[in-house]
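Dear colleague,

Please find below the structure that I am handing over to you. My notes on selected residues, one helix and the pocket follow it.

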Amino acid sequence: MAKKAKSVIFSSSSPKSILSSLSPFTSLPASPLNQNFSQSMMEETVEATESIIKKWDPNSPSYTKIISLFCHSRKEAKEFIRCIRDLRRAMHFLISQHSQSAKLVLAQHLMQIGMARLEQEFFQILSSNRDQLDPESVSSQSSVSSNSEFEDVMQSDDDDDDDEDELKKAGESISKVEKAAALVMSDLKIIAETMISCGYGKECIKRYKLIRKSIVDEGLHLLGIEKYKILRFNRMDWGVLEPMIKNWIKAAKIGVITLLRGEKLLCDYVFSASSTIRESCFYEIANEAGINLFKFPELVANKEKKSSQERIFRLMDLYAAISDLRPDIELIFHFDSVAAVKTLVLSSLKKLKDSIHTSLTEFESTIQKDSSKALTAGGGVHKLTRSTMSFISSLSEYSRVLSEILEEYPLKRNTRMLESYFTAPILEDEDNNNHAVSIQLAWLILVFLCKLDIKAESYKDVSLSYLFLVNNIQFVVDTVRSTHLRNLLGDDWLTKHETKLRSYAGNYEIAAWSNVYISLPEKSNTTVLSPEEAKTHFKRFHAAFEEAYTKQSSCVITDAKLRDELKVSIAKKIVPEYREFYGKYLPTLSQERNIEMLVRLKPDNLENYLSDLFHGRPILSGSSTSLSSSSCISLGCVRN
């Protein structure tokens, strides 16, 4: 019966295929017949692998010494891997069951040849396929198929696979470049798994770390990332540092999302069989690179401040860039061995927060302490207004960063004063985090407006004080309306300040032109003036108008719409009144000598004078362009 069973087994399968279906731990019933049968199969397996393994001996004089097995024939590469695995199983059995077998020496020799070849193949694939294995190609594959084309080598003897079939297995939906990358990664994975399972992982891992680390380091260098000495860094001027920050932000995005993420994907895929090896490899490859990359923002945050206003926006750019990369950093550096990179990232964010908070505090303090006495000519827009509103409007573009900072560092402010001045608008759900930002920016503007009131008091002429407030508040309102500040402060804020603006404009009119308004008799007065009384009112009107016009001609209103509105408002109060008075009483003075000196202005010409106002072009007394000397020439006298 035993002989019959044996003949049946060999007639259905070869010893090689039977062995291929056994795991290393499979054992047959411990009978002498089975032991002899198994030993025979394993020794035959060793002999069967000899020709294939020796063909690819890297030390042989044949052509196979100088060519790549995996590039030459993927079919032969698959057979070679199968032989190595069969050989490993045979050795495992012989060592555990028949340690005195003469075939063990041959098996050990063949294993050394096989491992030398695979080590050479591993190195060649890593070295010659840098384009397919560059991090961008790897990271572009959101997930690499875990089904290696070699994974079925122990389950099937079908040898009809060709390159076209292999590419199909790599994925029909991916591009040719991605397919090539997938095949190369698949080759590396099967070689690594085979060498590690045979106890030769150290040689494989050493090659991998060396080559891949050089690629990561070179990638960061090409991105402009370098190691900085603290003393040298601290000596850098801000003008040099600012473009470096902009470059770092671009480089960090590529470095994390493409370079380091791609490297992590490759490492995880090639060494998927062992988490310990994956962690060890990735630590050696990426830990130093990650620390070099994220040391830069920490150095920037630590750098001694010279000008808060010019630094804060670059600091916020750095903070936002790192915050955006946090989820990727957490995934890429999740191993305990590379936790130092995550610690450095958190430290950089914390120090950037501290620096930004300090800059905000100093900015408010700078406004409050501003004691410059310089006044703008003609009540125009003050340079402090331009710089302050430019700064605050730029801050509004960093709402997300500011909300995180204000959450941790709420700035001190006069709450009662602020509540009476500003009510934050109701924001959409996704903008709720901006509530603190709205309040903070409204507070900074309020602090600045208080400073404007103080500066306005420096003008000796009350009308100029009001015009100064009109110009500067108009600038503030225009800035809020045209920037993201409008979303943060709301339309109620704009309405409130536009009302204040109109109030100041009305006060300006009264202060600057009231003497002109009252120089003519009131309409309600039904008494007819005598010629002498008419002459008096003409003289009074001309004197008041000339004085006001001469003084106000040096004033400036920078906003064209506001300028025109104010001119129209003044003209409506003066021209109709003067036209009526002029038409009623000029005939009574027709017999007066030198009447052109007495009545120098026609009603139609008043608007011409007023149209020249608020451009900052003063009329100098006694000059050829003064009102008294030029009226007859430029505007036409009464007898014209």
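Ser-396 is placed in helix H16, which covers residues 383–396. Please bear in mind throughout that this is a predicted model.

Ser-396 has a relative accessibility of 0% and therefore counts as buried, the cut-off being under 20%. Leaving aside residues up to four places away in sequence, Ser-396 touches Leu-441, His-484, Leu-485 and Leu-488.

As to helix H16 itself, its buried residues are Leu-384, Thr-385, Thr-388, Met-389, Phe-391, Ile-392, Ser-393, Leu-395 and Ser-396. The length of H16 was also checked: with 14 residues at 1.5 Å a residue, a span of 20 Å is expected, and the end C-alpha atoms are 20 Å apart, so the two values agree.

Phe-391, one of the buried residues of H16, leads to a second site. Gln-309 touches Phe-391 as well as Phe-363, again not counting residues up to four places away in sequence. Gln-309 belongs to helix H14, residues 308–332. Its relative accessibility is 32%, and Gln-309 therefore counts as partly exposed, a class that lies between the limits of 20% and 50%. Gln-309 and Ser-387 are separated by 78 residues in sequence, while their C-alpha atoms are 9.6 Å apart in space.

A third site concerns Ser-355, which is found in helix H15 (residues 339–369). Ser-355 has a relative accessible area of 4% and is therefore buried. A polar atom of the Ser-355 side chain lies 3.0 Å from the backbone oxygen of Ala-301, and this distance is within the 3.5 Å limit used for a polar contact.

Finally, I turn to the pocket. The largest pocket holds about 340 Å³ of space. It is lined by 15 residues, of which Gln-474, Leu-501, Lys-561, Leu-562 and Glu-565 are the closest to its centre. Three helices each give two or more residues to this lining: H20 (462–482), H22 (491–517) and H24 (560–585). What is the make-up of the lining of the largest pocket by class? Eight of its residues are charged, five are nonpolar and two are polar.

When you open the model, I would suggest beginning with Ser-396 and its contacts to Leu-441, His-484, Leu-485 and Leu-488, then moving to Gln-309 and its contacts to Phe-363 and Phe-391, and ending with the lining of the largest pocket, to which H20, H22 and H24 contribute.

With kind regards

Technical notes:
Residues numbered from 1 in each chain as written. Predicted model: local features only at pLDDT ≥ 70, side-chain atom pairs only at ≥ 80, totals over all residues. Heavy atoms only, no water. Helix = DSSP H or I, 4+ residues; strand = E, 2+ residues; numbered from the N terminus. Buried < 20%, exposed > 50% of the residue type's maximum accessible area, 1.4 Å probe, protein only. Contact = heavy atoms within 4.5 Å. Polar contact = N/O pair within 3.5 Å; in protein donor to acceptor, adjacent residues only side chain to side chain. 1 Å grid on protein atoms, 1.4 Å probe; cavity = no way out; pocket = protein on both sides within 12 Å on 5 of 7 lines; lining within 4 Å. Points joined across faces, edges and corners; volume = space filled by probe spheres on them. Nonpolar A, V, L, I, M, F, W, Y, C, P; charged D, E, K, R; others polar. Expected span 1.5 Å × (residues − 1).
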